[in-house]
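User: Hi, could you walk me through a few spots in this protein model? I'm new to this, so please explain the terms as we go.

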Amino acid sequence: MRFLLILLILFCCSCQNQDVVVPVEESTAEPAYGDTFIEASIGEPSNLLPVLASDSASSDINGLVYNGLIRYDKDLKLEGELAESWEISEDNLTITFHLRKGVTWHDGAPFTSADVLFTYQVYTDPETPTAYAEAYRQVARAEAPDPYTFRVTYDMPYAPALGSWGVSIMPRHLLENTPITKSPLSRHPIGTGPFRFAEWKSGETLVLESNPDYFEGQPYIRRVLYRIIPDLSTQFLELQSGGLDFMGLTPIQYQTQTDTPAFKRRFEKYRYLAFGYTYLGYNLKRPLFQDKRVRQAIACAIDKQEIIDGVLLGLGQVATGPYKPDTWVYNADVKRYPHDAAKAKALLAEAGWRDSDGDGVLDKGGQKLSFTIVTNQGNDLRVKSCEIIQRRLQEVGIEVKIRVIEWASFLKEFINPGNFDATILGWTGGPEPDQYNIWHSSKTGPRELNFIGFNHPEVDELLEKGRRTFDQQERKTYYDRFQAILAEEQPYTFLYVSEALPVVARRFRGVDAAPAGIRYNFIKWYVPEREQKYLR
């Protein structure tokens, strides 16, 4: 799902007041068609049907293949995509979309309101195994009165309603007679977007080609090639050797390994606060983590600034909850947990944990205070964060083991079935502050996003009120309290908000840093004809 991924899900961001590093020079060469843009993915895409995709690798690709009715522009304001315009009724219960005419699917079939209605029906079908149905279950009635009008009516006000129609619209004529989980489109997608699927070699590459019939004009870049490279260090070597045109740098790569005249001649670096955060999440179904004093003690034992300084080299900010510090919804007054080993020990002692046998590890009722943190392979920042946390928790008598797992197995065998003690992961976000899918107690089922099993009646109530309220100040009241509860309960130890550090080969022009990042205008990127590297 284009707006949620995470993974997901998202909160308001602005590059204002951020240290945004942009290129000094911009070529005056005319835009030209051609060339190939090569980037890497740490993991193999899981599914190229948006309704079934829950990983960033799939979402990145789907974002180029499919369109939504609306999207966020460079300044994170909603604008039309497949919808030319829309009206919202005075009571905020009905949205009427007027669709673009002349749009075609990649197979040449016409796009109509029937496709939008079908997409809605797929998301709300109880047989569809998706984590993203909640927004569409709020709809009381969906209609397609003519081929270019789509109307939805809600029984109750639903603040995220308009933004939810950024969902990728899927082709009815190719999906309606096949169970969604068995559709060949999961590996051979057909959308209306600026790029068409061309080829997928499992474990190696995935290729997209520009759509000459795209309704906003054919992209200048002729081909996008994704290479599956499950290690950031290997990706960086490929970047330096010319095998990649784009990647997100690690802090050490950004600060020290790219600060050479040779690198600067070939690449341009950008820097801005990222759309997401990294956290240590606890499986609340495990008895060890059901006492919040243990979770609070772990938060006190961890030195977040040490992680930011040592792992991010200062290129990040302390996270205190699920919203970025530069957004209207952020609550700066929540309970904080500065590094305090003595307080951590006191909380653990209060919870009944003692070192009864003198081995340096606390125990209680014959059980040691020991657990394993799992995280995904290919992300050194998470692994290094694990190692720092491991050392700090050892100081207060907690034994931590670390397990690093290949991405697909990590999701399938550990996260989705809840087979873990604790995990270091991250959520990616967007402008809408609704966090229902991640934190509501109804979202703890298989493949749903509240996989830690958080259940708090007041949080449920606040999330429900927040999504029913259009007044921003009233919404903030609910979300401020929501953040205060998370800070008290510590179902996650929120670690940091990192800075995005993308680098792009200099031959690509039209790149422009904005609150939405740098990829919002990707179809306008181009390579001057004389600088094109790949002619076929």
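Analyst: Sure, one definition to begin with: a polar contact is a pair of N or O atoms within 3.5 Å, where within protein one must be able to donate a hydrogen and the other to accept it, and residues adjacent in sequence count only if both atoms are side-chain atoms. This is a predicted model, so local features need pLDDT of at least 70 and side-chain atom pairs pLDDT 80 or more, while totals for chains, interfaces and linings use all residues. Residues are numbered from 1 along each chain as its sequence is written, and side-chain values use heavy atoms, leaving out hydrogens and water.

User: At the start of H13, which backbone nitrogen does a side-chain oxygen of Glu406 reach?

Analyst: Helices are DSSP runs of H or I with at least four residues, strands are E runs of at least two, and both are numbered from the N terminus. H13 covers residues 407-415. At its start, the Glu406 oxygen comes to within 3.1 Å of the backbone nitrogen of Ala408.

User: Are the buried residues of H13 on the same side or on opposite sides?

Analyst: Buried means under 20% relative accessible area, exposed over 50%, and partly exposed in between (1.4 Å probe, protein chains only). In H13 the buried ones are Trp407, Phe410, Leu411, Phe414 and Ile415. They cover an arc of only 115 degrees, taken from the directions from the helix axis to the C-beta atoms, so they sit on the same side.

User: Is Glu84 buried or exposed?

Analyst: Glu84 belongs to strand E4, residues 83-88. Its relative accessible area is 55%, so Glu84 is exposed.
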